[in-house]
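Got the viewer open? Here is a short tour, one selection at a time, with a note on what to look for at each stop.

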Amino acid sequence: MLAECGFDEIEVPWRADVFRGAPQDKNSVSFGTLGVNFRARKRVLQRQRDAALAEVQTV
Amino acid sequence: MVLREEKVVLLIADISGYTDFMLANEKSLEHSHIIIGELIETILKEVDLPLTLAKLEGDAVFLYAVKDDAFASRAADLGARLLRFFNAFANKVAELTLSSFCKCGACTNIERLKLKMVVHSGRCAFYQIANLTELSGVDVIIVHRLLKNSVGLSEYVLLTEAAQQDLQLPLTLLSTGEETYDGIGNVQTYVYSSPEKQTYVPDPSAPAPSLFLETLRCEIKREYAEVATNPTKGFHFHTGRTLAALLGYTDEMLDGIPEKSISRLAGTGNPFALGVLNPGETVVELGCGAGMDTLIASRMVGADGRVLSIDMTPEMLDQAREAASQLGAMNIDFHLGYIENIPLPDASADVIISNGVINLAPDKKRVFQEMHRVLKPEGRLQIGDIIVQKAVPESAKRNIDLWAG
């Protein structure tokens, strides 16, 4: 979904069971729920790159 | 200006119990309006030729069918369609009842709402007023007067003799009656009082009604308001310093952050483990809670940077604002709202951070699209959230306990 929405360089470098042992947890295990960190970057289209480059060259 | 006069069938579909429902639920007005709106939309979806919408009148839908050359061949189908209105209405009431887990007066009384219809045939003039077409004439008055009647039931179709001649509903289903109105006199009527309704069968692939989405938000707000007011109560997630250590927050990150923010941490990851934020950057935090990550971000971007933090739970934002004030952080704007609507212009943010919040949004694609909109080209996402490793059945997606607890 992230790629579909225009993001690149999607990475999930960390995941861990962050719910285990929580006082009222009852559902995380049944769905295999994990906490994750993920990063992504807004995709730049070639025409945007060209426009940015042209702007720099003008300056 | 009169545009034309036509022979017409006039019909008003009215939600009975509406006035009592609204008066009894003054404190639940938002949910009352959503419920009535969904029911009105359900009626409108059933409207098809030869019926045309004249206008909405509060809890009622005013419709007409012009008795043109094609009307005779459609009249019988029109009668059958009226009876299908009841089924559609009852199905929506059942769906809304099942969808709402809210305990407010409106959500617990949906089943009291019923559909009644009055139908009359006659002539009317079509007027153009400003850009609106208005229907006018004695028969328009009569069909509205019919809403006040002696039927004494909450769901029925009341037809005048003229309307019954046009629609030809089976006489075996009808009882006869008479109404008397000042200035009009006696009106002979037929009453259809036992609408057949099929048992409601939920369609898991159908989009969730907006009432479910609103109820979901209410339940999530309630849960996180509880975290804000009583952070050590014990939840289905860890909180506070125990959680911060689990998620890899370092002492350096937490140094100087007010305890009120740390103790209310309810995240699922650590956006700062994905990279530092640079001085001068504009950062958006989606779902800032009591502000722990906001304050860390504020310190990283410095006086030349800016942090916009959004949360939908007022109790959490109160805590975040107090903590920011305690720390003297001047580069933060807090905003009460939903992460689907970020109050920033296009391409204005360098980084978006969030921690355990996107999973709570029913429409995640909308959230990602909004993130994409406000980020500058090559702008970054640094997000902590959750994944599920086992398929979640459609039925479970409508289970409020799995969302909020």
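At what angle do α6(B) and α11(B) pack, and how far apart are their axes? Keep in mind as you click around that this is a predicted model. Select the two helices: the angle is about 35 degrees, and the axes of α6(B) and α11(B) are 7 Å apart. Now show side chains for the residues that make the contact. From α6(B) those are Tyr224(B), Ala225(B), Ala228(B) and Thr229(B), and from α11(B) they are Glu315(B), Met316(B) and Gln319(B). Colour that set by type and you get four nonpolar, two polar and one charged residue.

**Stop 1: along α6(B)**

Stay with α6(B) and select residues 210–229 of chain B. This helix has 20 residues and spans 28 Å from its first C-alpha to its last, close to the 28 Å expected at 1.5 Å a residue. Next, highlight its buried residues: Leu211(B), Phe212(B), Thr215(B), Leu216(B), Cys218(B), Ile220(B), Tyr224(B), Val227(B) and Ala228(B). Tyr224(B) and Ala228(B) should look familiar, as both belong to the contact with α11(B).

**Stop 2: from α11(B) to a sheet**

Move over to α11(B), residues 314–327 of chain B. This helix lies across β10 and β11 of chain B, and runs at about 165 degrees to β11(B). Select those two strands, β10(B) at 306–311 and β11(B) at 332–336. They run parallel and are joined by five bridges. To pick out one bridge, label Ser309(B) and its partner in β11(B), Phe334(B). Then add α10(B), residues 292–301, which packs on the sheet and touches β9, β10, β11 and β12 of chain B. The direction of α10(B) makes about 170 degrees with that of β10(B).

**Stop 3: the whole sheet, across two chains**

Which strands make up the open sheet, and in what order? Select them as β1(A)-β2(A)-β13(B)-β12(B)-β9(B)-β10(B)-β11(B): seven strands, with mixed pairing. Look at the edges, where β1(A) and β11(B) each have a single partner strand, so one side of each is left without a neighbour in the sheet. Direction ignored, neighbouring strands here are turned by 15 degrees against each other on average.

Zoom in on the place where the chains meet within this sheet. β2(A) and β13(B), the latter at residues 375–388, pair in the antiparallel sense over nine bridges. For a marker, label Val36(A) and its bridge partner Asp385(B).

**Stop 4: the chain A side of the interface**

Now select the full contact between the chains: 28 residues from chain A and 35 residues from chain B. On the chain A side, the elements that give two or more residues are β1 (7–16) and β2 (33–42). The largest share, ten residues, comes from β2(A). By type, the chain A side divides into 15 nonpolar, eight polar and five charged residues.

Hide chain B for a moment. Chain A has one helix and two strands, in the order β-β-α from the N terminus on. Of its 59 residues, 17% count as buried. Take its contacts between residues at least 6 apart in sequence, and 58% of them join residues at least 24 apart.

Go to the loop between β1 and β2 of chain A and click on Ser28(A). Is Ser28(A) buried or partly exposed? With 19 other C-beta atoms within 10 Å, Ser28(A) is partly exposed, because the cut-off for buried is 20 or more. Not counting residues up to four places away in sequence, Ser28(A) touches Phe19(A) and Thr33(A). A distance check from Ser28(A) to Asp17(A), C-alpha to C-alpha, gives 8.8 Å for residues eleven apart in sequence.

**Stop 5: an enclosed strand**

Bring chain B back and select β6(B), residues 156–160. Five of its five residues are buried, so β6(B) is largely enclosed by the rest of the structure. Tyr156(B), Leu158(B) and Thr160(B) point one way from this strand, while Val157(B) and Leu159(B) point the other way.

Finish with the strands that pair with β6(B). β4(B), residues 114–129, pairs with β6(B) in the parallel sense over four bridges, and Met117(B) stands opposite Val157(B). β8(B), residues 185–192, pairs with β6(B) in the antiparallel sense, also over four bridges. There, label Leu159(B) and its bridge partner Tyr190(B).

Definitions and conventions: Residues numbered from 1 in each chain as written. Chains lettered and ligands numbered in written order. Predicted model: local features only at pLDDT ≥ 70, side-chain atom pairs only at ≥ 80, totals over all residues. Contact = placed C-beta atoms within 7 Å. Nonpolar A, V, L, I, M, F, W, Y, C, P; charged D, E, K, R; others polar. Pairing = 2+ DSSP bridges. Axes fitted to C-alpha atoms, helices over the stretch in contact; angles between N-to-C directions. Buried ≥ 20, exposed ≤ 12 C-beta atoms within 10 Å, placed from the backbone. Expected span 1.5 Å × (residues − 1).
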